[in-house]
Structures are given as structure tokens and as C-alpha cells.
Amino acid sequence: MWEDFEINCTSFLNNNFNRYATFTHQGGANSTKPDILVKTKTGNTFYIEVKQKIAQCGQFVLFPNNVSKTFEYSIINKTPINAYTQKIIEYMNSNFDKFKNPTAKGESILIENSQHIFASWIIEFYKQKNVKFIITNNNIILPLQNLANYFNITAKYRIKKSGSSDVPKKSVNSILNYLESNKYNISSSKFLNKKLIISSNDNLNKLSFNIDNIQYMFSQKKASIEYTIKKLSNTKNANVIFSITLAKNVIGISHNEFISSLL
């Protein structure tokens, strides 16, 4: 599970570099926050993003305007247009008919010099969040600035349902009442660190249920009978979505090089 992966990476950093900094896992279901907060002993702060060897890596919403035959940058995007966003929009405008009807499968953006453009967009996106490193499988630490040297990067324009979020405290009682009345086999429940967690000996992983047109899902904690209940979004937008795949034989920086960044 991706959240366990983030927690394991955080533990690795604390176990190996706690003489120089503290590392706090804070990403979780909130995709607007970077994954790991770093506070160095010298008083500096920055972030590390956790990415598995195949992962999504940033996105922005575009709406097709069938009158002007151009794509419009949505006001719901959290970041402003940069030069690389503009290059992608210009390419899509010049191929409007190809992209005007986005689907869940999506259409690949095969722009010239794509590796540089996509990597530069991702770097700018994460620099605004004060991210300096990426940590990936086998605890390989990679400087964000050299992203293009470590990953193969692609992008698609596709419909994507917005992600999940934690259950608000005000909804806890109604959810527990629903589970009880519908005879789910729940042995215990708790609301801890803003998360609704239940225990069950049944296999509930990825099962969903609906209360007042709001959809919820059970998400199993690794090797456990505990499940976190997540609230699923009903929002579907057309996004330019970037994906990264770790290149072969990537080693990353040494522990000493990483320590130097903490001093």
C-alpha cells in the first residue's frame, strides 16, 4: 500500500540520518502536501517526495473550449501557468481535435522534447512546495533538480476522478450507525489522528458503500485486520497527468552526499 511505503521511507530516513535532521511523514491522503517534512538540526526546513518506481507525478486541469478550439487552464489548479505548462497547452491547441474529447483511458501527449518539458514542469511544480529530493524503491534518494536523469517521463490528457480524503469527524456516527444497521462485521472502531479506523475479520478491502450520495471505501492497513474508511470524491475532471518510471541501474546519491544537504 502506498501509505505504508511512505511510512517505511520516513522510518528509513529517521533511522539513518537522525543525527542531522528529523523526518515527519505528513503526505498521506492529502495530495496537496509533500510527503515528508525535513527539519535539520541547523534550522533549515524542506520536503522530500516519496515516489514508487512507477508513479504519477503531478497534474493540472484543462478544459476544452469547442468554440475557440483551445484548452483553458482551470481556476481550480493550485499552481500558476509556467513556461512548460504553456508549451503543453500550445501543443494541445494545435492538435485540438485529437484531445477535445477526453476519456478515462486518455490520449498521450507526444510533444517534441517531451522528456525535458515534462521534467521541467515537475521540477517547477515541486520547487514551489519546497521539495528538494525524491526517495524511491530501495530507499534511493534522488535530487529533484536532476529528475530527467533518473526517470522516464510521460504525460496523458485524461479524465480522472479526484482522490480520497479522511472522513470528517461530524460524519463518524452516521457511518458507524450505517455499518451496524447493514450488519457489517465490525469488532471495534476508533477516530485517531483524524482517521476513522475499524477492525474486522472479514475481507473488506476496497469495498465501498454509499450514504446520502457520498461514497466511502474500506482501505486495509498492511497485514492487519484494521481498515481506514476513506471518503471518495465525486469530481471528475480532464487532467494533464505526468507519470514517471525509474530508469534501469539508478543508484542515487550517497549517504554522505545527502548528509551534506542537511548541514
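Strands here are DSSP runs of E, at least two residues long, numbered from the N terminus. The model is predicted.

**Exercise 1. Place Lys-230 in the chain, decide whether it is buried or exposed, and find a side chain that it contacts.**

Step 1. Find the element. Lys-230 lies in strand β15, residues 226–232.

Step 2. Check the accessibility. Buried means under 20% relative accessible area. Lys-230 has 3%, so it counts as buried.

Step 3. Look for a polar partner. The side chain of Lys-230 makes a polar contact with the side chain of Asp-166, at 3.0 Å.

**Exercise 2. Work out how many disulfides the model holds, and explain the count from Cys-9 and Cys-57.**

Step 1. Recall the cut-off. Two cysteine sulfur atoms must lie within 2.5 Å.

Step 2. Start from Cys-9. Its closest cysteine sulfur belongs to Cys-57, 14 Å away, so the two are too far apart for a bond.

Step 3. Start from Cys-57. The closest cysteine sulfur is that of Cys-9, again at 14 Å and too far for a bond.

Step 4. State the count. There are 0 disulfides.

Step 5. Add the surroundings. Cys-9 is buried, with a relative accessible area of 1%. Cys-57 is buried as well, at 0%.

**Exercise 3. Count the aromatic pairs, then describe the one formed by Phe-60 and Tyr-73.**

Step 1. Take the total. The model has 23 aromatic pairs.

Step 2. Describe the geometry. The rings of Phe-60 and Tyr-73 lie 5.7 Å apart, centre to centre, with 45 degrees between the planes. Planes under 30 degrees apart count as stacked and those over 60 as edge-to-face, so this pair is tilted.

Step 3. Locate both residues. Phe-60 sits in strand β4 (residues 54–65) and Tyr-73 in strand β5 (residues 70–73). They are 13 residues apart, and the pair links distant parts of the chain.

Step 4. Check Phe-60. At 1% relative accessibility, Phe-60 is buried.

**Exercise 4. Describe the pair of Tyr-184 and Phe-209, and say which of its residues is buried and which is partly exposed.**

Step 1. Give the geometry. This pair is tilted, at 6.1 Å centre to centre and 55 degrees between the planes.

Step 2. Locate both residues. Tyr-184 is in the loop between α6 (172–181) and β11 (188–192). Phe-209 is in strand β13 (residues 208–211), 25 residues away.

Step 3. Compare accessibility. Tyr-184 is partly exposed at 24%, whereas Phe-209 is buried at 4%.

**Exercise 5. Name the residues that ring pairs link into a cluster with Phe-60.**

Step 1. Follow the ring pairs. The cluster joins Phe-60, Tyr-73, Phe-118, Trp-121, Phe-125, Tyr-126 and Phe-242.

Definitions and conventions
Residues are numbered from 1 along each chain as its sequence is written. This is a predicted model: local features need pLDDT of at least 70, side-chain atom pairs count only at pLDDT 80 or more; totals for chains, interfaces and linings use all residues. Side-chain values use heavy atoms; hydrogens and water are left out. Buried means under 20% relative accessible area, exposed over 50%, partly exposed in between (1.4 Å probe, protein chains only). Rings of Phe, Tyr and Trp (its six-membered ring) pair if their centres lie within 6.5 Å; planes under 30 degrees apart count as stacked, over 60 as edge-to-face and the rest as tilted. Helices (H or I, at least four residues) and strands (E, at least two) are DSSP runs, numbered from the N terminus. A polar contact is a pair of N or O atoms within 3.5 Å; within protein, one must be able to donate a hydrogen and the other to accept it, and residues adjacent in sequence count only if both atoms are side-chain atoms.
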